[in-house]
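Here is an informal walk through some helices, strands and ring contacts. Keep the structure open while you read.

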Amino acid sequence: MPEKKIRVLVAKPGLDGHDRGAKVIARALRDAGMEVIYTGLRQTPEQIVSAALQEDVDVIGLSVLSGAHMGLTQKIIARLKEQNAGDKMVLVGGTILAKDIPKLKDMGVAEVFPTGSRLEEPIKFIKERLGN
Amino acid sequence: MFSEKFLESLKAEYGRWEQSTLKKILDKYGMTSDSIPRQTYTPLDIETTDFSNCVGFPGEFPFTRGIYPTMIVGTGIGGRAYSGFGNPEDTRDRLRFLLSQGQFGFSLAFDLPTQIGLDSDHPLATGEVGRVGVALSSLQDMETILSAFDGGAPLDRIRSSFTTNAQAVVVLSMYIAMAEKLGIPLNQLTGTIQNDILKEYIARGTYIFPPTPSMRLTGDIFEFCSRNMPRFNMISICGYHIREAGATASQELAFMLCNAIAYSEVALKRGLGPDDFLPRFSFLFSSHSNFFEEVAKFRAARRMWAKIARDRLGAKKTDSMRFRVASGYAGSTFTAQKPLNNIARGTLECFASIIGGNMGSASAPYDEALGLPTEEATIVALDTPRIIHFEARGADVIDPLGGSYYVEHLTDALEARATDLINKVDALGGAVAAIEKGFIQAEVESSSYKMQKEIEEGMRRIVGVNEFVGETPPLHPMELASDIEDRRIRALRQLRAERNNAAVEKCLNRVRVAAEGTENLIPSVMDAVKAMATNGEICGVLREVFGEAQPFTSY
């Protein structure tokens with residue numbers, strides 16, 4: 001039996017239209033053997049959580065470059081908990097200032113990959129945490 | 001440019017140089033000529049480049065060297081800082097500061113809710129208000145921002161620029177209403193409105209409506225501006241954001257021109273003649289990191305646009321063939337690592353733009369990769385083109401690299417590659433069809449992935465990112481006040497309480513009727529704006545009539 005592939009939702013919460021990073025990371029995760037679903041732009045926290053549940057993903061990767069990451073991430077994590085899906089791994093990437101990283105982790109974000117991170121970093125992180 | 005006999009003998013000479021002088025040094029280091037970039041260019045590389053048809057004189061067709069005969073005409077050195085954040089009051093104060101630093105005019109950035117037609121009190125605006133630009137809902141907000149000018153904004157003398165696309169019709173109407181209040185005749189208004197919706201679908205993402213009604217709004221603006229505002233640039237067609245999304249130089253060039261052709265077709269269908277609208281087309285280009293390729297790109301763009309305008313669109317007047325462009329940097333080349341290095345990057349990019357013959361060259365703040373720019377970083381950006389002009393004497397001569405074997409060769413090569421891509425888009429039915437089919441997006445996505453892989457694999461070396469990595473003390477970009485959203489919501493509540501809501505309703509109904517029919521939307525939107533209807537309300541009506549765009553992605 002082949003091992004079950006890790007499933008990842010790459011999501012663009014909020015109104016930010018910059019999806020170069022989201023698309024590149026989606027492709028890189030796919031090339032690394034994961035199943036990747038990309039939400040497209042302008043998703044509400046509710047839409048993202050419902051897509052995550054529907055697609056039964058293991059990981060949710062949020063990409064935000066507009067500076068609105070704190071509030072959006074908080075809402076998504078709260079919503080996941082409400083839906084008894086608090087165990088899904090949440091990662092955040094984009095224009096994230098160093099001082100926000102510990103705050104995001106306190107909220108329950110597993111890891112943050114700010115602008116300038118290498119593609120292999122989230123790949124390695126996900127594989128280490130989820131096996132495969 | 002060269003005789004056959006000369007080229008024949010040069011070929012032999014080039015072979016000799018390769019086999020002796022070059023080979024000697026390569027052998028010494030264990031390299032071959034295939035393992036390194038091509039080392040030199042000669043007349044052999046521009047065999048078919050004819051001086052009159054391909055290079056020529058600045059200010060004359062095909063404008064390869066420049067759209068005017070000299071770099072020193074125009075309205076001033078350097079550009080305007082793309083700025084806006086927080087409330088209209090915050091942006092007014094920043095603008096006041098920029099004016100005190102010698103900036104001529106302004107270039108306004110709007111926040112994301114504003115750009116996609118939502119007021120600050122809309123639920124989807126939460127957390128986004130005032131972040132990447134100023135929140136603008138009403139004519140009152142526009143008046144507040146422009147009160148940065150003491151004694152009334154001289155809208156007939158300054159260069160204004162508005163980065164607004166999907167809801168450009170609302171911002172333009174506010175600007176016109178402002179001019180009316182100040183007693184400035186419309187035909188005296190100068191400035192630029194971005195109004196380039198196609199690149200939003202390709203790259204930037206702030207679209208609202210599907211392409212067809214969006215292009216109708218574009219056409220309404222063309223029609224209105226051509227008739228009433230002969231000094232105002234009614235569109236700025238952007239390669240910039242396509243490049244920022246990961247396109248190569250030739251893709252940026254090609255897709256920008258494809259969009260320009262699509263817009264021209266809209267104007268022609270409205271019954272405007274090419275010489276009515278082309279003089280009021282402007283462009284926005286990136287100036288990326290590969291210095292010589294960028295210089296060549298600017299040259300190729302001028303030549304290609306002149307040929308398209310004359311031969312494809314039927315322009316007769318010289319002014320219709322001029323590729324009027326603003327450029328000077330590429331934000332995505334600025335790194336979060338060792339951010340002070342961005343000053344060096346910004347200088348080179350701006351220098352490429354200036355010696356590439358672009359009159360409107362600006363730089364960007366070095367802390368842009370981290371957040372909202374500080375005043376200090378903004379001053380460095382404003383001073384960069386000034387240093388290039390006055391100290392490096394970068395604009396004394398126009399197109400100083402013209403005639404370089406390398407740059408002429410690159411110019412021809414970029415033109416050839418971009419022409420191929422334009423032909424592909426034409427075969428798909430033009431830019432709108434190519435976007436709807438996801439062709440352009442897929443092209444850009446492939447390039448962006450390839451570029452990222454090259455960086456990761458070390459084939460593309462970026463200082464501080466994948467080589468020469470080092471620690472730098474953290475920069476502190478500007479922070480937004482935490483009460484911006486609350487203050488905005490209170491201001492909107494007050495506006496809605498104080499205005500005549502029955503009049504607003506009536507105006508919005510007129511907008512709806514105009515949108516459902518075919519009449520030009522600007523007069524009704526202008527009346528609505530004057531009655532203090534908000535951006536969110538006007539776009540809300542248009543959303544109901546036009547529907548909303550679904551994202552076009554190749555995923």
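In this predicted model, helix α18 of chain B uses its buried residues to pack against α3 (88–100) and α5 (139–146) of chain B. Which residues of α18(B) are buried? They are Ile484(B), Glu485(B), Arg488(B), Leu492(B) and Leu495(B). These residues cover an arc of only 90 degrees around the axis, so they sit on the same side of α18(B). That fits a general point about α-helices: with 3.6 residues a turn, residues three or four places apart point the same way. Flip to the face turned away from the buried side of α18(B) and you'll find the exposed residues Arg490(B), Arg493(B), Ala497(B) and Glu498(B).

The length of the helix checks out too. α18(B) runs over residues 484–498, which is 15 residues, and at 1.5 Å a residue these should span 21 Å. The end C-alpha atoms of α18(B) are 21 Å apart, which agrees.

Now for a strand. β6 of chain B (residues 235–238) is covered on both faces: Ile235(B) and Ile237(B) are buried on one side, and Ser236(B) and Cys238(B) are buried on the other. β6(B) pairs with β7 of chain B (residues 281–284) in the parallel sense, over 4 bridges. One of the bridge partners is Phe283(B) in β7(B), which goes with Ile237(B).

On to the rings. The count comes to 24 aromatic pairs over all chains. One of them is Tyr175(B) with Phe232(B), a tilted pair with 6.0 Å centre to centre and 35 degrees between the planes. Tyr175(B) belongs to helix α6 (residues 168–182) and Phe232(B) to strand β5 (residues 232–233), both of chain B, so the pair ties together parts that are 57 residues apart in sequence. Both Tyr175(B) and Phe232(B) are buried. Elsewhere, ring pairs link Tyr41(B), Phe291(B), Phe292(B), Phe351(B) and Tyr406(B) into a cluster.

Charged side chains over ring faces are listed here.

| Charged residue | Ring | Distance to ring centre |
|---|---|---|
| Arg42(A) | Tyr207(B) | 5.0 Å |
| Lys297(B) | Phe285(B) | 4.4 Å |

Last stop, a loop serine. Ser320(B) lies in the loop between α12 (291–312) and β8 (325–327) of chain B. Is Ser320(B) buried or exposed? Its relative accessibility is 0%, so Ser320(B) counts as buried. Leaving out residues up to four places away in sequence, Ser320(B) touches Pro274(B), Asp275(B), Leu278(B), Pro279(B), Trp305(B), Ala309(B) and Ala315(B).

Key:
Residues numbered from 1 in each chain as written. Chains lettered and ligands numbered in written order. Predicted model: local features only at pLDDT ≥ 70, side-chain atom pairs only at ≥ 80, totals over all residues. Heavy atoms only, no water. Helix = DSSP H or I, 4+ residues; strand = E, 2+ residues; numbered from the N terminus. Buried < 20%, exposed > 50% of the residue type's maximum accessible area, 1.4 Å probe, protein only. Contact = heavy atoms within 4.5 Å. Pairing = 2+ DSSP bridges. Expected span 1.5 Å × (residues − 1). Arc of directions from axis to C-beta. Phe/Tyr/Trp six-rings, centres within 6.5 Å; stacked < 30°, edge-to-face > 60°. Lys NZ or Arg CZ within 6 Å of the ring centre and 35° of its normal.
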